[in-house]
Amino acid sequence: MKWSESRFNGILNEMNTVLVFFLLLSNFQAWSQQEPFKVKVKLSTLKEERELKSWTLEELKPLKYKRIWETPFTGGQKALYAGPRFEGFLDEALKGLPLEQRAKVDLIILKSKEKEIRIPRYLIRKYPAILAVKKGKKRLLEKGPVAFVMPKETTPGLKKEWLPENLYSLASVTQVEFSQYEKYFGEWVLKNRSNPSALRGEKRFVQTCMGCHLNRPIGDLSPYLEKIQSHPQTWHPASEGAPSVNRQFWRGIQSFVKEWVYQK
Ligand code: HEC
């Protein structure tokens, strides 16, 4: 009896040792398989849908960094953000593609787990937007994702654009999509491409109106045509963060809307 009991205990002990060993092994595997955080990059134009290289923090490091003082997304004290210029990142990410394809990208879509924002490409060229990977001394990536900052406080010009406040900053960027306006807003593209004034208006419309109306469809503009013509500066419902724009701007918008209503 005693002998078999102690033998039984011996077997149990051995089994425990084996079990602990396997547990450790599987833990180690899970730990070693944990991937470093990456920003996924995608090309998504009318003709092509393709995953491009995903970027780790290490891979972002060789890009030229810029530092800017900005108020954090969550409000509160200003902080020093640092990271590659967004334009440099875009150039690097699209490097292998033919020029023609690169030139088609005019819309950048940034996604976090909760939210997405769409930014006209011209804005990141005009203003030194960055993909922030550091805030103060803290690496933003240690918590996970990269954050994107549009330097609206340090670039006064940005405030004069007819753009909404706080639309162009996103915390925790997990995916960047290089895309084309036409893909999302094809209905606003003029069929008649022979009226230069209307085409200028189309560009303004896409770059300016869509900044705010991306997630708030404008719908049919026909009912507004008369008001846009008679009260160009005041027809638009008052909305937060919208500075006034000049006459030239509205002339373009007017001819665009006229042409668009006509083609409908
Ligand atoms: C700064 C952000 C912003 C910009 C830029 C902007 N809009 Fe709006 N727009 C709004 C908001 C917000 C409303 C809703 C206002 C309300 O209902 O009080 C609105 C309302 C409208 C409406 C009425 C229908 C609706 O959706 O409620 C039309 C039409 C419209 N916008 C067209 C335009 C056009 C055309 C342009 C470009 C020339 C433009 N918007 C630019 C923010 C903007």
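How many residues lie between β6 and β7 in the hairpin that they form? Four residues lie between β6 and β7, and I will come back to that hairpin once the ground has been prepared.

Before anything else, please keep in mind that this is a predicted model, in which local features need pLDDT of at least 70 and side-chain atom pairs count only at pLDDT 80 or more, while totals for chains, interfaces and linings use all residues. Residues are numbered from 1 along each chain as its sequence is written.

Let me start with the overall picture. The protein contains 10 helices and 13 strands, where helices (H or I, at least four residues) and strands (E, at least two) are DSSP runs, numbered from the N terminus. Of its 264 residues, 23% count as buried; a residue is called buried if 20 or more other C-beta atoms lie within 10 Å of its own, exposed if 12 or fewer, and partly exposed in between, with the C-beta atoms placed from the backbone. If we take the contacts with a separation of 6 or more, 66% of them are made by residues 24 or more positions apart, and two residues are in contact if their C-beta atoms, placed from the backbone, lie within 7 Å.

Now to the strands, beginning with β1, residues 38-44. On its covered face β1 carries Val39, Val41 and Leu43, and on its uncovered face Lys38, Lys40, Lys42 and Ser44. This fits a general pattern: in a regular strand the side chains alternate between the two faces of the sheet. As for partners, two strands pair if DSSP finds at least two bridges between them. β1 is joined to β2, residues 49-51, by three bridges in the antiparallel sense, with Leu43 having Arg50 as its bridge partner, and a hairpin leads from β1 to β2 through four residues. With β3, residues 55-56, β1 shares two antiparallel bridges, and there Lys38 stands opposite Thr56. With β13, however, β1 runs parallel, over five bridges, and Val41 is matched with Val176.

The strand β13 brings us back to the hairpin from my opening question. Strand β6, residues 107-111, pairs with β7, residues 116-120, over five antiparallel bridges, and Leu107 has Pro120 as its bridge partner in β7. β6 is also joined to β13 by five bridges, again antiparallel, and in that pairing Ile109 stands opposite Glu177.

Next, there are two open sheets to point out. One has four strands in the order β4-β5-β9-β10, with antiparallel pairing. Its edges are β4 (65-70) and β10 (138-139), and because each has a single partner strand, one side of each is left without a neighbour in the sheet. Within this sheet, β4 and β5, residues 79-84, are paired over six bridges, and Trp69 stands opposite Leu80. The other open sheet has three strands in the order β8-β11-β12, also with antiparallel pairing, and its edge strands are β8 and β12, each pairing on one side only.

One residue in β12, residues 170-173, deserves a pause, and that is Ser172. Most residues other than glycine have a negative phi. Ser172, although it is not a glycine, has a positive phi of about 60°. Ser172 counts as partly exposed, because it has 18 C-beta neighbours inside 10 Å.

Finally, let us look at two helices. In α3, residues 86-93, the buried residues are Phe86, Phe89, Leu90 and Ala93. These residues cover an arc of only 100° around the axis, and therefore they sit on the same side of α3; the arc is that of the directions from the helix axis to the C-beta atoms. They pack against several elements, among them β1, β5 and β13.

Helix α8, residues 196-213, has 18 residues and reaches 24 Å from its first C-alpha to its last, close to the 26 Å expected at 1.5 Å a residue, the expected span being 1.5 Å times one less than the number of residues. α8 has a kink of about 30° centred on Phe205, where the bend at a residue is the angle between axes fitted to the seven residues ending there and the seven starting there. Phe205 is also one of the buried residues of α8, together with Ala198, Gly201, Glu202 and Val206, and what covers these buried residues includes α7 (181-185) and α10 (247-263).
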